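Subject: Structure handover

Hi,

Here is the structure for you to load. My notes come after it.

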Amino acid sequence: MSTVLLRATDLSRTYGSRRGLFGAVTKVRAVNRVSFSIAAGETLGIVGESGSGKSTMGRMALGLEAPDEGQVRFAGEPMPASGSPAWRAQRARMQMIYQDPLGALDRRLPVIVQVQEPLDIHRIGDQAQRLRLAQEMLARVGLSSEQMTRYPHELSGGQRQRVVLARALMTRPDFLVCDEPVSALDVSIQAQVVNLLVDLQAEFGLAMLFISHDLRVVRQVSNRVAVMYLGDFVEEGDADDLFAAPLHPYTRALVSAAPVTKRSSGQARIVLTGEPPNPADRPGGCSFHPRCPLAIARCKQEAPVLRSVEQGFGRRVACHLVEPSSMPNSKAA
Amino acid sequence: MLRYFAIRFGRAAITIALVVTFAFVVLRLSGDPAQIILGPEAPPEAIAAFRAAWGLDDPLWLQYFHYFGAIAQGELGRSMRDGRSAIELVVERIPITLALTLPALAIKLCVGVPAGIYAALHRGSLADRMVMMLSVAGFTIPSFVLGLTLVLIFAVKLGWLPSGGQDSWRHAILPVLTLGIGGAAVLARFTRSAMLEVLGQPFIRTASAKGVPWRDVIIGHALPNAAIPTVTIIGFMIGTLIAGAVVVESVFSWPGVGRLLVVAVANRDLAVVQCILLLVAATMVSSNLIVDFLYGFLDPRLRQTVGKAA
Amino acid sequence: MSDQALPAAAAQKVFGRRWPGQDMPLLVKIALLWLVAMIVIAIVAPLISPFVYTAPNLRNRLVPPGTLPHILGTDELGRDVLSRLLISIRISLLIAFGASIISAVLGTTLGFLAAYFRGLVEQIVLMLADFQASMPFLILALSVLAFFGNSLGLLIGLMGLFGWERYARISRGLAISASAQGYASACRQLGASPMRVYLRHILPNIASTLIVSMTLVFPEVILLESGLSFLGLGVQPPMTSLGNMVGYGREYITRAPWIMLSPALTIVCTTLAVSVLGDWLRDKLDPTLR
């Protein structure tokens, strides 16, 4: 693959949450020593249940939140401190798409003004140019010129998300983090927005970190996919390989639960049992073992590490039951 | 439990410290404290002695500490009008003021709270609208206007009651009424909205849906919960027992703490003003503390966390 | 987020293109009319007052109302009560508006600073707010006046310290919830400076709530100023204000009650009008406020 745009090394983030006014502080480890890299123009999909730490990871990738441990490097440089002038200037190169487009837009300003705002902030062009560029971008994402002067609440959910997308692309960024960008939309609209996103990615040569719990959407958008469970990457690999032959028991359960048109008769649906994961109360050993249908004694004592395996290119799995790769040092590209 | 009390006490201490700091800063900004406290006719030796005693030639931070120390020992200076100790002057006025504010507080509680509860229980009725109208009037009519109106009616036109002074219990009627009516209106409004909020809660609907008699629902569930916000405002009223009658005492020439304060301000009798300021702060802070502790008993959620932390 | 959305959308309806005159209750219309009249009077008072408000006329002392040319009568020095009333409205409103604006700006700024810096700054702001809320403001104001003497500028500044803690609490709370999620954090992610986020985005979004708070503080400022002036410690003669007129009229309550009646009535009507308007606006814009 081509040059690495963003590289995250051993990212960890722990939140302290207090129970009640005077309760003891409980530590919640949202992200646990996660490493990944994204090449220019490439999309890494992140799949996981809510509470798996995927949004926290997206925020750390953007430098919105500083990791407790580990480091994020963008274009070879370490991430500046959140809110610093260098960080603010860097926003022109990396942007975010939110789950709730209505919440991400200012209700008191017409959308054209908001789409123009990144150019105002980063002082690109003069007033007339900014307006023209904003109009062009809004037209590109499919808004009519009449819709451009409306307020966010006067648009439909899909149109709002197009506006957010247009705003994010105004400064021609290299990197986009999409945090559940379509899960708040009607299913009929989702496909349109996803298609638009894929088109725009190709057109602008964007690298993306695409976070979603929806396997179909992730599969459609991503080159590579990582599966998160309680702050850990449990499996990572090429999107098609991973969905075609999931190795980790959790991934298998996810894939089997996803609604697909052709399920081969041999693949029964795996239903996960036990409590849904609670990041405040991580089980010892492999964090998935209480729900794992295949768990053995070792899983309770020893946490598996993410290791390369033979199946597929750059495939990594964290499970004691999956045979490790015979090739040493075959790290993900 | 300890932690809860420690936090409340800490806050109270901070408020007192802020008031003392406020007095210190204002005193320092307004000129030479020795001259101000002792008065312009004070002999130079007295000023020198005062400066030495209060350490006015020390650096500012040291003076600040000494100021705290002096106040802790009750050294609050002397009135520049008659040379008497400021604290003595103020303390002898306290019962005179309480003679007005205590009966007024009784009126507020006996009229305001039942009126608020009644209005909430009969929401939208004529009585409710009357209570609301009166309470808006209570908010918007200044006490001196209310007081003078009462004087105009009961003293000037009807001649039933004296218009001012402190010679007999009859003199207290109009000022007590003035204080009581305004406060009752405020309290009625608070009680009503607290009660309405509680009545809208799911647990009240659940209780009445379960078939608990409405009367028991009100007494057993609604009132204790509505008491929490109401206690706050009552606590504030208790805190203003000493300072809350400044305007009314002036209207009726009632020689209480408030009247003393107004005269002291007009004469720039700073020792007395400072003494009253600290006294008011102390009463406010202690009543706030009492309210905080009452909260602990009234609010089971708080009680639980308090218990857990212990 | 959704509870901020409502007032914002509603505010647009009220202050924007569509003015819903028809769903305004009669009482609110009267209140609005009264306030507009008061503001107009405050602006043009020197032009429309029939006499010079300080001019004594010892031959026409204590003339009862209705005697031309003194429509509202004269006071103990023979000064025209109507002229004094008009000027008093001007002074009292000047103080009330000036003080309300100062306290709104001060409180909102402190609230934003607390929301932006959090930590120590926030604790200090909250501590000061607690302090202010727990002390009767009249006593603090009297102490300052005792130490510093009096002037109109000092009085406005002093009144401007009243009520700031409410704006500070509200703006802090709303700014924190806005910047934790939603449009403000989205804007921050665009690379906007904190100034831009707070002034261009958060402030307009919480303005309706702040305006409602202002209508709650405003009558109290009028009452406070008139109380101080009534005590003879606020506006000083020869300048006059509504409370001041009532205070001096009290001496003549038996012989000439009209001296204090018209300013007293004006105070009550004005505070009542602002309260009525404020209640209506609050129901309209922000039902979450008490």
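Below is what I found, taken chain by chain and then across one interface.

Please keep in mind throughout that this is a predicted model.

**Chain B: overall**

Chain B is built from 14 helices and has zero strands. Its pattern along the sequence is therefore just α repeated, α-α-α-α-α-α-α-α-α-α-α-α-α-α, with helices being the DSSP runs. Chain B has 310 residues, and 39% of them count as buried. Now take the contacts in chain B between residues at least 6 apart in sequence. Of these, 72% join residues at least 24 apart.

**Chain B: helices**

I checked one helix for length. H4(B) covers residues 60–72, which is 13 residues. At 1.5 Å a residue, H4(B) should span 18 Å. The C-alpha atoms at its ends are 18 Å apart, so expectation and model agree. After H4(B) comes Gly74(B), with a positive phi near 80°.

One helix pair in chain B is worth a look. H5(B) runs over residues 86–121 and H8(B) over residues 169–199. Their axes come within 6 Å. The crossing angle is roughly 35°, and the crossing is right-handed. The residues in this contact divide into 22 nonpolar, six polar and three charged.

**Chain A: strand S6 and what touches it**

Start at strand S6(A), residues 94–97. Both of its faces are covered. Met94(A) and Met96(A) are buried on one side. Gln95(A) and Ile97(A) are buried on the other. This fits the general rule that side chains in a regular strand alternate between the two faces of the sheet.

S6(A) pairs with strand S7(A), residues 175–179. The pairing is parallel and runs over four bridges. Within S7(A), Cys178(A) is the bridge partner of Ile97(A).

Ile97(A) also leads to Val164(A), which touches it. Val164(A) sits in helix H7(A), residues 157–169. What else does Val164(A) touch, leaving out residues up to four places away in sequence? The other residues are Tyr98(A), Pro101(A), Ala104(A) and Leu105(A). Val164(A) counts as buried because it has 27 C-beta neighbours inside 10 Å, and the cut-off for buried is 20 or more. Gln114(A) is 50 residues from Val164(A) along the chain, yet their C-alpha atoms are separated by 8.9 Å.

**Backbone points to check**

Three places in chains A and C deserve a look.

- Leu230(A) is not a glycine, but its phi is positive, near 50°. Leu230(A) lies in the loop between strand S9 (224–229) and strand S10 (232–238) of chain A. Is Leu230(A) buried or exposed? Leu230(A) is buried, because 24 C-beta neighbours lie inside 10 Å.
- Arg118(C) is not a glycine either, and has a positive phi of about 50°. Arg118(C) lies in the loop between helix H3 (81–117) and helix H4 (119–134) of chain C. Arg118(C) has 12 other C-beta atoms within 10 Å, so it counts as exposed.
- Pro237(C) and Pro238(C) are joined by a cis peptide bond, with omega about 10°. Pro238(C) is in the loop between helix H9 (194–230) and helix H10 (242–249) of chain C.

**Chain C: H7 against H9**

H7(C), residues 164–180, packs on H9(C). The angle is about 145° and the axes are 10 Å apart. The crossing is right-handed.

Which residues of H7(C) and H9(C) meet?

- From H7(C): Arg166(C), Tyr167(C), Ile170(C), Ser171(C), Leu174(C), Ala175(C) and Ala178(C).
- From H9(C): Tyr198(C), Ile202(C), Asn205(C), Ile206(C), Thr209(C), Leu210(C), Ser213(C) and Val217(C).

By type, the residues of this contact are 10 nonpolar, four polar and one charged.

**Where C touches B**

In this interface, 35 residues of chain C are in contact with 39 residues of chain B. On the chain C side, the elements giving two or more residues are H4, H5 (137–148), H9 and H11 (258–285). H5(C) gives the most, with nine residues. The chain C side divides into 25 nonpolar, eight polar and two charged residues.

Best wishes

Technical notes
Residues numbered from 1 in each chain as written. Chains lettered and ligands numbered in written order. Predicted model: local features only at pLDDT ≥ 70, side-chain atom pairs only at ≥ 80, totals over all residues. Contact = placed C-beta atoms within 7 Å. Expected span 1.5 Å × (residues − 1). Pairing = 2+ DSSP bridges. Axes fitted to C-alpha atoms, helices over the stretch in contact; angles between N-to-C directions. Left-handed = near helix turned anticlockwise from the far one by under 90°. Nonpolar A, V, L, I, M, F, W, Y, C, P; charged D, E, K, R; others polar.
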